[in-house]
Amino acid sequence: MRLMNWKWTVIVSALLLSHAGLMQVLARPKYGGTLRVATRSGVPDLHPGTWVGEALELSWKRKLSVLVFEGLLKLDQQGKPQPLLAQSWKVSDGGRRWEFRLRAGVRLHDGTPLTPAMAADVLRASVFDFPARAEGDGRLVIESDTPDPHLPARLAHPGSAIYMETSDGVLVGTGPFSLNRWERHQRAHFVVNEEYWQGRPYLDRVEISMGRSLREQRLELQAGAADLVELPLEALGTPDSGLRFWSSPPLELVLLAFSQDRSRVKEADFRRLVEASFNREAVHEVLLGKRGEPAKAFLPQWLTGYAFLFGNTRPASAPPRATITGPPLLIGYAPSDSLARTLAERLALDCSQAGIAARAVPGDSPGSDLTIKRIRLNSLNAALALRFIAEQAGLDPDLSASPGLEDLLAAESTLLDEAWAVPLFYLPVSYGLSERIKFRSIRDFLFFDDWSLADIWLEPPLASISGE
Amino acid sequence: MALLCFALGCLSFASLRDLSVEVLEMVDKIELAAATHKELRLTCEAISEQDAGLLPEIRSLLSTGLRRRGFVLVESDTALHVAVTLSRSLHGRILLAAIHDPSGDRIAIVSLTSLDFGSGEEPALLLKSRLLWESDKPILDVAVHQAAALLVLTAEEVLLLEKAEERWMEVKRAPVRMGERPSRDLRGRLHVSGSSVVAHLPGTICSGNLLGELVAHCEPSPASWPLLYRTGSVIFRGFPAASRNYFDGRLQTPGRVNVSIPPFLSVAALGDREEEEGWAVVGTDGRLRLYDAEFHWLGSIDRWAAEVTSLRPDCGPLVLAVRPEEGGDKLQAFRFQGARPRAEGAPLGLPGAVTALWSSADGESAVIVVRDPENGRYEAHELEVDCNR
C-alpha cells in the first residue's frame, strides 16, 4: 500500500454543490409542458437487461432509464437503500435470504399489474442474475448460498429495473414517464404516466436530443430551444451573465489506463515513472483552472472517507530522469473530448521532459500504450462504483462478494499498486438550466449523477409558447 | 455540510456508550496489529475541522482502552506509531488507524454510527404536511379551530379565516400591539379556547373573541405561554425572556409550578400519560436535555436538534425534531427509549428554514412555519402523522 505523509488540510466537503441562479420558488407547481434535454451521448437502447458500454453512454442510459423503469429499491442521497417497488424488506439467515414485500396496486404503463412472479422473472434474467422467486402474499424472495449485504445496492441499480416487453416489442415499466419514441443514438420522447403510483409528474413530456456537441447544446440553451444541457468544465466559474447551472460533487474520474497488451508498458516501474512525470497539481491549477480536484484514489474521499490515505499526489521529489529509448509512447484520447486531448498532450510533454518520448494520438486505437479516460461514478455504493471503474479501465478488481470498507481499501490499494490504471483528477459534472425549469429544492431534482424529472415543473408551460 | 455538522453533536452523551463500543472495536484491531509491541505512539487527527471537537473524547477512549490491554503510550519516535484519523464518508464518520509497523503499514477502519435519520425500511409512519397559509410577513403561529376556522398570528395582527370551497377566506383581522422591544427573532403563540382568543407576544398578551372583537385589547404581561397540550389542556407552560427568543427556564406543568431549568428554546413531551411523562428540552446552548416527570435529569445530547415539539397520534407519542440542513431544514419524528432517540419514518424535507414549530391544541398535530430563503416568504403548515402505512 502506498501510504504517504499526508499534509493535513481541511477538505471542504465534496458534497457541497455549486450552482448559480437556482432560486427556489414558492409558487405551487404547474402542470404541463415539454422539457427539452440535450446530450452529447448517443444511447443505443434503454433495455434494462443490457448494461454494457462506455461510461458517459451508461450514465445517460441510467438517467433515461429511471424515467421509465423502477426497481424494487433505490439509493437515497446518502447511498442508503430505500423502498421503491418493494414496500419493505427483511433479511434473515445471516444475509442469505432477502424477502421483499411488493407495493400493492402498482401497474406497468400498459396497465399490467406488478406481481412478484413477474418481478422474479425479470430479476432472474437481469444483469445480476438474482436467484429470485415469488412467494405468496405479494412477497419476492432472493436466496443465495453466500451472504450479500450489497444486494440492496444491486437491486437499486437500473439494471435491476422491473420491465416488460409488450407483444409489439415496446418496453414498459412503472416509472413516471413512458417511452413514446426511440431513435437509437438520436432522440427519445417520453410522455407522462398519468397513473403514476407516486402521483402524476408535473411535466407532460420529456424530449431528449442525443449526439449534440457541447457547443450546440450551449447555443440551444441560449436560444431557448433546450431546457437542460451539459456544460463543459470550462464554462464553470467564468463570467457568463444569465447562465443558470448546477454542478455536482466531483464524480467524474479522469484516469490513465495502460494497455495491458502493450510490451512498452508491461513493467510496473515504467508505468509509475510515467505517472510520476505528470504534475497533477500544476495541471489542476493551470489547465483545469482549479476545477475539480487531483485524484489520489479511484474512489473519491467524500464517498469512502479513506482516499486521503493514498497521500499527496505530487511526488516528494522530481522523478529521476529516465534514459528510455525506443518509439514514442502513444497516449490515446477520445477525439471528441477536448479536455482529454489537452491532458494527453500535457502528459506527452511531461513524459518527454522526464526522458520518455511520448505523443498524444486521437482515438482509443489498439496502438495506444495508454489512454486518457473519463469515467463517471455509477453508484453511491462504493463497492459497485469501484467495480465499475475497474471494468471501464480494463481491470479485474479482487473484490469479495460483500467487501467491507477494509476489503475495499485493500482492493483499491492493490489496483493502485499495480498501476495499470492511474487516477488523475475528479471533476464535477455540470448542467445548464433554462429559466423555465422550477423546483422546490435543487436536491429533489439533481443529485450525484441522478435526476428526478417527476419533481420539476415548467413555468410558463411550453404549451403557451409552442402551441402544443 | 450541514447534515454532518448537525450529526457531529450526536456522538456526545446519549450515544457515548455507542462510541465507546465503536472505539473499543478499534482498540481490538490495533491490538491485533500491534501485538508484538509494548510501546505505542498514538496520534489522533481529524480530516474536517468540524470534527476536531470529537477528538479529545475519542483519544481518551482509545488511550484508556489501549492501556487496559497492556500497552504503554509514549511520545517517543521509536515506539510503534498508531496514527488515528477521524474521517467522513458518504455514509457517516469513520475512524481509521494506520499502524506504521516496520514490516508494513496496516490499516484498520471502524464505522462510527451516529444517530441515524431515515430508515432503510418502508416507513411505518409518515409525516404529512398541509399548507395552511403563506405570507410575506413573519407568521408566528397558526391555529386551526374546529376544522372550519384558521387563526394566523403575525407580528402585527391576528387574522381570522374561514373555509369556503376548500379555500381559506379572510373574515376579519385585528392589529396587535407589543408592549416591549421585540426580539429580532420574534416568536408568538396563539391559544384558542371555545370562542376566546389569546395571542401571546413577548411581554404582551392580547385577548379577544372569535365572535366579537378578534383582539379587544393588548396589555403588558409577564404571563407564561402555553407550549404543549394534551387533549385540549395545557401540560407545559414557559415564560418568555424579555426581548429574547427563548424561555427563561421557569416552567409550569400540571402539579408543578416552581420548577426551573436552564433557559430553553423549545420543549417536547416524551410520555403518553401524565404519570409516565418526560420532557425533551432544547436549551439555548443547543443541548437537548431530557427530564423525567419529576424533572430529574436523564441525559443530554449536544446539538441534536434546532427545535422540537411533540404530538400524539394513534401510534403513540412522538417527538418532532428540526434538523437544519443546507437547501432546507428537515423534520424527523423520534421515539425515545430512555435517553436514546430512535428515528421513526423518513424525514420530511422542508422548503426552507423553520421559524416556528408548535404543538396544536388537540396535541395530535403540530404547526410549522418555514421561511423560504430565496424570496423571504413564510409558509405555515399543519403536520400530521399517518400511522397506518
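The following exercises, with worked solutions, concern strands and helices in a predicted model.

**Exercise 1.** Determine the order of the five strands in the open sheet of chain B, and explain why one side of each edge strand is left without a neighbour in the sheet.

*Solution.* Step 1: The order is S2-S1-S3-S4-S5 in chain B, and the pairing is mixed. Step 2: At the edges stand strand S2 (72–73) and strand S5 (104–112) of chain B. Step 3: Each of these has a single partner strand, so one of its sides has no neighbour in the sheet.

**Exercise 2.** State how many bridges join S3 and S4 of chain B, and identify which helices pack on the sheet.

*Solution.* Step 1: Strand S3 (residues 80–89) and strand S4 (residues 92–101) of chain B run antiparallel and are joined by nine bridges. Step 2: Within this pair, Arg93(B) in S4(B) lies opposite Arg88(B). Step 3: Helix H10 (residues 405–418) of chain A packs on the sheet and touches S4 and S5 of chain B; the direction of H10 makes about 140° with that of S5(B). Step 4: Helix H3 (residues 55–68) of chain B also packs on the sheet, touching S1, S2, S3, S4 and S5 of chain B. The direction of H3 makes about 160° with that of S1(B).

**Exercise 3.** Find which residue takes a positive phi in the hairpin of S15(B) and S16(B), and which does so in the hairpin of S16(B) and S17(B).

*Solution.* Step 1: Five bridges join the antiparallel strands S15 (residues 225–230) and S16 (residues 233–240) of chain B. Step 2: Two residues lie between these strands, and Thr231(B) has a positive phi near 40°. Step 3: S16(B) pairs antiparallel with S17 (residues 247–253) of chain B over three bridges. Step 4: Six residues separate the strands of this hairpin, where Ser243(B) has a positive phi near 55°.

Notes: Residues are numbered from 1 along each chain as its sequence is written. Chains are lettered from A and ligands numbered from 1 in the order in which they are written. This is a predicted model: local features need pLDDT of at least 70, side-chain atom pairs count only at pLDDT 80 or more; totals for chains, interfaces and linings use all residues. Side-chain values use heavy atoms; hydrogens and water are left out. Two strands pair if DSSP finds at least two bridges between them. Helices (H or I, at least four residues) and strands (E, at least two) are DSSP runs, numbered from the N terminus. Contact means heavy atoms within 4.5 Å. Axes are lines fitted to C-alpha atoms, for helices over the stretch in contact, and angles run from 0 to 180 degrees between N-to-C directions.
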